[in-house]
Amino acid sequence: MLIIAVSLLSAFTILLAGWINRKSCCFITIATITFQFIFSIFILRHVLTVGTIHYWLGGWRPPWGIEYVVDTLNAFVLVVILFLSLLVAIYSKRNVEQEIETRKLPTFYSLFQLLVTGLCGITVTGDMFNLYVFLEIASLTAYALIAVAGRRALKASYNYLIMGSLGACFYMIGVGYLYSVTGTLNMGDLRILLPPLYANRAVQAAFVFFVIGVSIKAYVFPLHTWQPDAYTYAPSTVSALIASTMSKVMIYALIRLIYSVFTLDFILSYIGLDMAICWVAAMAIIAGSIFAITQRNLKRMLAYSSVSQIGYIILGVGLSPLSVWGLYGAVAHILNHAVMKGCLFLAAGAFIHKEGLLDIRDFEGLGKKMPYASAAFTIAAISMIGIPPAAGFASKLFLILASLEASQYPFVAILLLSTLLNLVYFWRVIDRMYFVGHEEATDGGESEGSLPLSMIVPMLILAALCIILGIFWLTELPLPLFHEILSDLGVSGGVTL
Amino acid sequence: MELMTPLFAILCPAIAAPLILLSKRHPNVREGWTLLASIATFSFVLSMAPKIVGGEVIECFFFQTIFENIYFGFKVDAFGLIFAITSSSLWILVSLYSIGYMRALNEHAQTRFYFYFAWAIFGAIGVALSANLLTFYVFFEILTVSTYPLVIHDQSPEAISAGHKYFAYLLTGGCFFLFAIMMTYYLTGTTDLIPGGIAALGSASRTILIVMFFCFLLAFMKAAWMPFHSWLPTAMIAPTPVSALLHAVAVVKAGVFGIVRIVCYVYGVDLMHELGLWLVLAGIAAFTMLVGSFFAIAQDNLKRRLAYSTISQLSYIILGAAFLTSNGIKGAMLHIPFHGFMKITLFMCAGAIMVATGKKNISEMAGIGKQIPVTMLAFSITALGMCGIPPVCGFISKIYLCFGAWTLDRYGLIFLAVILISSLLDVIYFFPIIYTAFFRELPKGERSGTGEGKIKEAPIFMVVPLTITAIFSIIFFIHPNTLFIFDLVKTAIVDLGFGGI
């Protein structure tokens with residue numbers, strides 16, 4: 001597919017261009033991603049109006065050649081990834097100049113571009129092995145990007161490397177099992193070939209390996225241990241990019257595996273499997289929030305908050321066999337969380353960029369010193385808490401309705417409890433920024449002028465999106481999108497019990 | 001054009017808020033926006049009244065939500081309009097008052113104050129006009145969040161911990177509310193507020209209905225019913241205009257407004273009777289009335305005493321609704337604006353006393369009636385009204401509540417006794433203030449104040465609004481239909497299916 005090719009090519013172009021002119025790298029990245037983004041919107045339109053796109057790589061027919069399949073869900077995730085990457089790329093220009101040596105810039109941007117390539121690849125592919133290849137591309141670049149920041153990041157990156165490779169191995173073993181049983185790796189074929197083999201132990205084992213492998217990458221609790229360190233010590237730009245896009249893509253892979261490869265019949269044929277997923281998610285939601293409360297480092301707090309928010313999405317996935325609202329909630333939250341967390345990490349990056357502040361206790365009076373970044377942070381935080389009419393509210397609403405429809409009342413309580421926990425750890429920051437201490441002393445000191453526009457604008461766009469999306473999800477506009485996704489995934493609208 | 005009136009009404013504060021922020025360097029312009037917006041809001045709200053009294057319902061829907069059968073939008077009915085009129089009319093007066101108060105005390109962060117004040121009004125009007133529970137919830141939460149910066153205006157550690165307490169209570173309540181709303185939607189497929197209740201709710205199981213009702217009650221911790229009241233006295237640390245409008249009118253009234261909505265417009269009178277929930281609600285209200293009054297007697301800080309008085313008075317409204325009789329609900333609905341006007345006068349007086357004399361405690365107030373006669377006169381009039389003594393409007397709402405209790409089949413006498421005892425307690429905690437102010441001599445040290453040290457009335461911006469509200473408290477007694485209040489109540493009662501009066 002064109003997107004991948006362009007992206008891959010430009011990654012190498014950047015490296016080459018870097019030899020000639022260090023400044024050009026960033027612009028090439030931005031230009032490429034802009035192009036990809038515009039293209040992905042066309043794809044989404046096409047998919048919504050015409051139908052699924054199939055593309056046979058090299059013209060080989062599916063069982064032998066690699067097939068790219070784009071349906072509504074992919075297209076949607078693709079738009080999310082590329083939009084976030086674009087904003088982060090714009091933001092990165094000034095921020096990276098400060099955090100990373102100029103010498104490393106070309107490498108940085110080519111890695112950046114490769115990561116985006118890998119993520120897009122995972123999204124569009126319709127082949128299990130090809131997914132693995134892109135998974136590795138994305139992961140390896142992510143290890144490198146995290147390590148760019150220096151010493152402590154190296155250790156974090158190393159942890160991530162080990163855990164990540166373990167996850168990839170698990171995934172690969174799953175692929176091997178499936179291939180040995182069915183003789184194909186094409187998702188569409190697997191979907192047709194697998195049903196008679198559901199009782200086969202190898203298939204069952206493969207499923208478990210897949211879920212664990214992808215869960216490690218998506219830092220589903222309790223497999224999240226690599227993630228807080230990685231997010232904390234990585235350059236802010238990288239944290240923002242990985243936090244908002246990479247985990248989403250992994251979740252996408254999980255949804256794809258569950259729905260398109262194994263189908264719901266498989267899940268439902270094992271009593272309690274969907275509930276097990278839900279309970280893991282519930283644990284993630286609560287544990288992530290509680291860990292977040294204990295953190296003093298802002299980025300670390302955000303990292304744990306991500307663990308908790310991923311739980312929301314997984315909960316939606318787990319509830320989806322019982323209620324369509326579960327899937328709605330999961331899909332909505334993929335976008336919402338990408339936007340909110342992106343915004344929060346960009347704001348956190350801005351605080352570091354200008355004031356060098358990491359510890360929440362030092363945030364006093366920040367609201368006056370950096371009004372735009374603080375405002376963006378506040379809006380995104382309010383959205384995370386789920387106060388209407390912000391975006392987080394809509395996801396929460398869908399998930400609550402899903403739990404009710406599934407008659408799983410404990411999850412309603414967990415979602416609401418998590419709201420309060422989110423409130424505790426985010427409000428602490430907001431309080432510090434705006435209200436604690438009398439800031440007359442620092443009044444009128446520095447102006448925000450020193451925060452470059454290229455950093456402010458992406459943050460403000462994301463913050464505005466938090467509100468706009470919140471209203472968007474509440475209207476009936478996203479319904480066609482949801483219906484398309486449901487029909488693509490083979491769930492015939494309505495409850496499938 | 002008519003259809004859009006609710007939209008215009010709510011847009012005024014929303015437009016004013018950014019304008020206030022933009023003109024932060026020009027205090028006069030900034031306050032100008034506030035006043036302009038408040039007057040505009042009030043005129044829009046009031047302009048709907050004749051139509052509503054005529055029996056029409058103004059509907060204004062923005063979009064169909066993703067949930068089937070739920071439209072995001074407004075439906076103006078008589079009861080909602082009563083609340084909207086109360087809060088929008090008082091916003092004008094409190095804006096005037098806060099100009100005087102904030103400038104006299106030279107408070108910091110005044111722009112922030114006016115900014116969030118406008119958003120709080122936005123939330124309150126939205127709550128009043130909402131067509132269904134989902135819309136209600138959205139504005140309810142906006143109201144909660146936008147008042148936080150007002151509560152902690154001082155930014156002292158105590159103020160911030162008060163703010164945390166405020167949030168802990170109200171947002172927890174919000175969680176229960178959300179659960180109850182989604183439950184309602186799940187059970188009935190609708191969240192519309194329908195006079196007489198959602199019919200489909202009757203077929204749900206009794207246990208679920210009872211659990212849901214308690215969730216709804218917990219949702220309205222804003223109504224400060226005991227034992228979930230303690231955020232209110234704590235939040236009194238806010239500047240007086242905030243206490244006046246938000247904790248006497250908008251926030252707590254949104255709470256009781258919500259309870260009446262749930263009782264009469266979601267569960268409906270029949271269902272409440274059938275489940276026996278009215279007795280539970282009435283019991284809670286009676287308990288709060290009495291205990292709140294006892295707490296009030298024990299307070300020396302004037303604002304805290306007023307806060308406990310608010311807690312007690314709010315339960316009159318809950319009690320009236322719990323009676324489920326025409327007179328009881330009428331009394332409850334009348335008490336919303338009447339208590340609003342009276343309590344706001346008392347709070348504004350408390351603020352004026354503080355600005356003029358610097359005194360916060362009742363025990364220090366000996367003889368101030370001579371120093372600031374206008375303020376104390378207004379205070380005395382409305383305090384009498386609170387106790388239910390004519391010729392002040394509190395008498396009317398209380399008499400209806402008494403009628404409501406009298407016509408009950410069971411326990412009527414008990415509740416009648418509770419109302420009377422509570423009124424007596426009101427006298428006990430208000431009378432000493434009046435007595436101290438007018439009939440006790442000034443302490444010796446202060447009597448010889450000459451020239452500069454002499455204590456005068458508070459600034460004109462503060463005294464005028466409180467005089468106006470005090471006068472209104474009397475006008476409401478003489479002519480209860482001022483601002484269409486009485487007609488609206490009658491319309492609301494007819495809507496609820498009680499027939500004429």
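Hi everyone. Let me start with a yardstick: the expected span of a helix is 1.5 Å times one less than its number of residues. Keep that in mind as we look at this model, which is a predicted one.

The yardstick is for helix α8 of chain A, residues 201–217. It has 17 residues, and from the first C-alpha to the last it reaches 25 Å, close to the 24 Å expected. Which of its residues are buried? Starting at the front, we have V203(A), A206(A) and F207(A), then F209(A), F210(A) and V211(A), and finally G213(A), V214(A), S215(A), I216(A) and K217(A). The cover over those buried residues includes α5 (128–147), α6 (151–182) and α10 (236–261) of chain A. Just after α8(A), have a look at Y219(A), which takes a positive phi of about 40°.

Now to the core. The largest nonpolar core has 403 residues, and the members touching the most others are C343(A), A380(A), L462(A), C466(A) and I318(B). From chain A, this core draws at least three residues from each of domain 1 (1–260) and domain 2 (271–497). Over in chain B, I318(B) touches A223(B), W225(B), V256(B), I259(B), L281(B) and A285(B), leaving aside residues up to four places away in sequence.

Last stop, the place where the chains meet. Here 21 residues of chain B are in contact with 23 residues of chain A. On the chain B side, the elements giving two or more residues are β1 (58–64), α5 (133–151) and α6 (157–188). Which one gives the most? That's α6(B), with 10 residues. By class, this side of chain B has 16 nonpolar, four polar and one charged residues.

Thanks, and happy to chat!

Methods
Residues numbered from 1 in each chain as written. Chains lettered and ligands numbered in written order. Predicted model: local features only at pLDDT ≥ 70, side-chain atom pairs only at ≥ 80, totals over all residues. Core = buried A, V, L, I, M, F, W, Y, C linked by C-beta atoms within 7 Å. Buried ≥ 20, exposed ≤ 12 C-beta atoms within 10 Å, placed from the backbone. Domains from an automatic or database assignment. Contact = placed C-beta atoms within 7 Å. Helix = DSSP H or I, 4+ residues; strand = E, 2+ residues; numbered from the N terminus. Nonpolar A, V, L, I, M, F, W, Y, C, P; charged D, E, K, R; others polar.
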